[in-house]
Each structure stands twice: as structure tokens, then as C-alpha cells.
Amino acid sequence: MAVLSACTAASAASALSAIEAPKLSLRKVGFQLMSLSRKLQTRLTLAGTAAALLTAIVLTAMALNGSTQGLAVAAVLLVLVSALLSWGLARQLLQPLSELEAGMQQLQDEHKQLVEQRDDARTHLEEMEKTLARVGLEDALTGLANRRQFERGLLEEFNRAARTSLSLAIIMIDIDLFDEYNASYGRMAGDKVLRRVGSAIRDTNVRPEDLLARFGTQEIAVLLPGSRLEGALIVAERIRTSIEQLNIEHSASPTGRVTISIGIAAVAPQRQVDEPDTVLRESEQALALAKASGRDCIRTSEDLVKASIA
């Protein structure tokens, strides 16, 4: 979890850098424009000075030579020098403009790449945030929801059932003699059993709206929105049978294989009368009754009432 958070922080920093990068490119354009402006001002000043100097030379020559032929020659020279000066000035002005155009095109390409990188970084950051949020509500070992997510889902479905006058049921599952299994086969084997049991429960055709969660060390809870006790009992028996069919060896168990005990409770909640904790507590009590009854069996909240009467 800490590693994932660190990765998310690094991704966030990378995304922010990518978002700030276009601003740096625009700043670079501004610096280039200022440099070009200073360069053009310098060249225009030099060109103006050269033109004034040449004009003064020509006018001086014309004054010293008052003949018509000399004036004509001076005029022709002035025109030629002016044309040459104009050509040179135009070339000097167009060269930095061409350089600027090429630089602007390069900056546009860089800006486009940076915008794409920013968008990719933002998308990656959003995906990392979603992953982090999902991991915070998921059990890393089994891939099922964790207890926090189960309690949140129970509260939501309980309130919905109270509004719509529907019922909900909880199936609480415990792997029998799990501590003994760990002692006999090791914790790594125990983790493998937890994953196989979780996967088997997931494969028992549970509905999309049902919520499966690892509730304790070896406990798995199933929330069945809209289900009554009778329907939950059918689902629970299907789950018990699926674990039995895994046929996982367990030398410390009387059956010689891994089994589960199940407790079930259901309620049609009424506002300001029932509480989510009540149905959850009843499912745990029914589970305790199943374990006390020899394990590898199912008990319901109705069996709790019968046991209390007896």
C-alpha cells in the first residue's frame, strides 16, 4: 500500500511537470521574440547610418562637381547604392524572420508533444487514483472486497431496502479449523486455501449486485440485496457444496478435507427500528451456532430462535 502511494505521488509529480511544460515553451517563445526585436533594431540602426553616410558622400560629390554630367553620374550611383543597400537590408531582415519562423514551427511541434504528454500524464494519474481507491477497498490476498467495503455496502443496501420495503440477507462463512490447517501445512498453504475458497464462492453464480468480502482472517461474508432467508439458504448450500467439491486435504479435520460453516440472517428493515449491525450480529451468531453444531453445516437466525427456546 505504501509502495503504491509512493508510485502515485511520483506519477502526480510527473503529471504536474507535464502540465507546466507548455508554459515553459511559451516563455521560450517570448525570449526569442525579444532577442529578434533587439537584433532587428540593431540592424536597422546600422542600415540607417550607412544610408545617411552614403547620401552625404554623394551630395558632397555633387556639390564639388557642378557639371551636369557629374550630377547624372552621382544620381546613378545614388540609385545603385540605394538599390544595393535595400537588397542587403531586406536580406538582413528576412534572415532572422526565417530563423524565427523555423523556431516557431519547432516550438509548435514541441508544444503539441508536451500537450499530448500532459494529457497522457493526467489520464495515467486518474487511473492511478482509481487503482489506489480500489486497492483501499479490496483484500489483497483473495481479490474480494475488504471489511471496510462490506460495511459500507451493507449500510447502503440497508438504507435502500428500508426505502423500497425490500429485504436483504447476509451469509457469514468460516473455514473450519483453519488455525489447525496453518499449523499442519504452513501459512503459505493457508493463504492458498483462502484464495481457492474465495474463488470458488465467486464462481457459484452469485449475482452482480451481491457483495463478497473477506470479513476476518478466515471469514468471508456475502451480502445479498433483495434476498429473503429462504433464497439465502439456497445460495449458502450451493457455496458449501462448492467448497466440499474442492476436496482440499485437511488432516486435522474429522472429514479429512477443508469444510466451511455458514451462518445466515435476513431482514426487511424498517426506518428507526432496525439497524445494520443487528442483521450482521445475527449472521455471526448463526455462524457460531453452526460451528457449535459440529461444523460443515448451515444455521440461520431462525435456528437461533429455536435454540433459545429449547
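Here, a residue counts as exposed when its relative accessible area is over 50% and as buried when that value is under 20%. With those words in hand, welcome to a tour of this predicted model, told as legends to a few close-up views.

**View 1. The outer face of helix H7 carries exposed residues.** Asp277 and Ala292 are exposed on the face of H7 turned away from its buried side. The buried residues of this helix, which covers residues 276-292, are Pro276, Val279, Leu280, Ser283, Ala286, Leu287 and Ala290. Their arc around the axis is only 120°, so they lie on the same side of H7. An α-helix has 3.6 residues a turn, so residues three or four places apart point the same way. The buried residues of H7 pack against several neighbours, including H3, S4 and helix H8 (301-309). Length fits too: with 17 residues at 1.5 Å each, H7 should span 24 Å, and this agrees with the 25 Å between its end C-alpha atoms. Following the helix comes Gly294, with a positive phi near 115°.

**View 2. Helix H3 also has a buried side and an exposed one.** H3 runs over residues 147-164. Its buried residues are Phe150, Gly153, Leu154, Glu157, Phe158, Ala161 and Ala162. Because they cover an arc of only 165° around the axis, they sit on the same side of H3. Look to the other side of the helix to find Arg148 and Arg163, which are exposed. Among the elements covering the buried residues of H3 are S1, strand S2 (211-214), strand S3 (219-225) and H7. The 18 residues of H3 should span 26 Å at 1.5 Å a residue, in agreement with the 25 Å that separates its end C-alpha atoms. Just after the helix, Ser165 adopts a positive phi of about 60°.

**View 3. Strand S4 pairs with strands S1 and S5.** S4 takes in residues 260-267, and 7 of its 8 residues are buried. With strand S1 (residues 168-175) it runs antiparallel, joined by 8 bridges. One bridge to spot here links Ile170 with its partner in S4, Ala265. With strand S5 (residues 298-300) the pairing is parallel, over 3 bridges. There, Ile262 has Ile298 in S5 as its bridge partner. In a regular strand the side chains alternate between the two faces of the sheet.

**View 4. S4, H7 and S5 form a β-α-β unit.** This view brings elements from the earlier legends together. The unit made by S4, helix H7 and S5 is left-handed. S4 and S5 are also among the elements that the buried residues of H7 pack against.

**View 5. Gly231 sits in helix H6.** This helix covers residues 229-246. Gly231 counts as partly exposed because its relative accessibility is 32%. Find Ala169 as well: the C-alpha atoms of Gly231 and Ala169 are 8.8 Å apart in space, with their positions 62 residues apart in sequence.

**View 6. The whole protein combines 8 helices and 5 strands**. Along the sequence, they follow the pattern α-α-α-β-α-α-β-β-α-β-α-β-α. Of the 310 residues in the protein, 34% are buried. Among contacts with a separation of 6 or more, 72% join residues 24 or more positions apart. The protein exposes about 18300 Å², with carbon and sulfur atoms supplying 57% of that area.

Conventions. Residues are numbered from 1 along each chain as its sequence is written. This is a predicted model: local features need pLDDT of at least 70, side-chain atom pairs count only at pLDDT 80 or more; totals for chains, interfaces and linings use all residues. Side-chain values use heavy atoms; hydrogens and water are left out. Buried means under 20% relative accessible area, exposed over 50%, partly exposed in between (1.4 Å probe, protein chains only). Helices (H or I, at least four residues) and strands (E, at least two) are DSSP runs, numbered from the N terminus. Two strands pair if DSSP finds at least two bridges between them. A crossover is right-handed if, with the strands pointing away from the viewer, the path from the first strand over the helix to the second runs clockwise. The expected span of a helix is 1.5 Å times one less than its number of residues. The arc is that of the directions from the helix axis to the C-beta atoms. Contact means heavy atoms within 4.5 Å. Accessible areas come from the Shrake-Rupley method with a 1.4 Å probe; for residues, only the protein chains shown count as cover.
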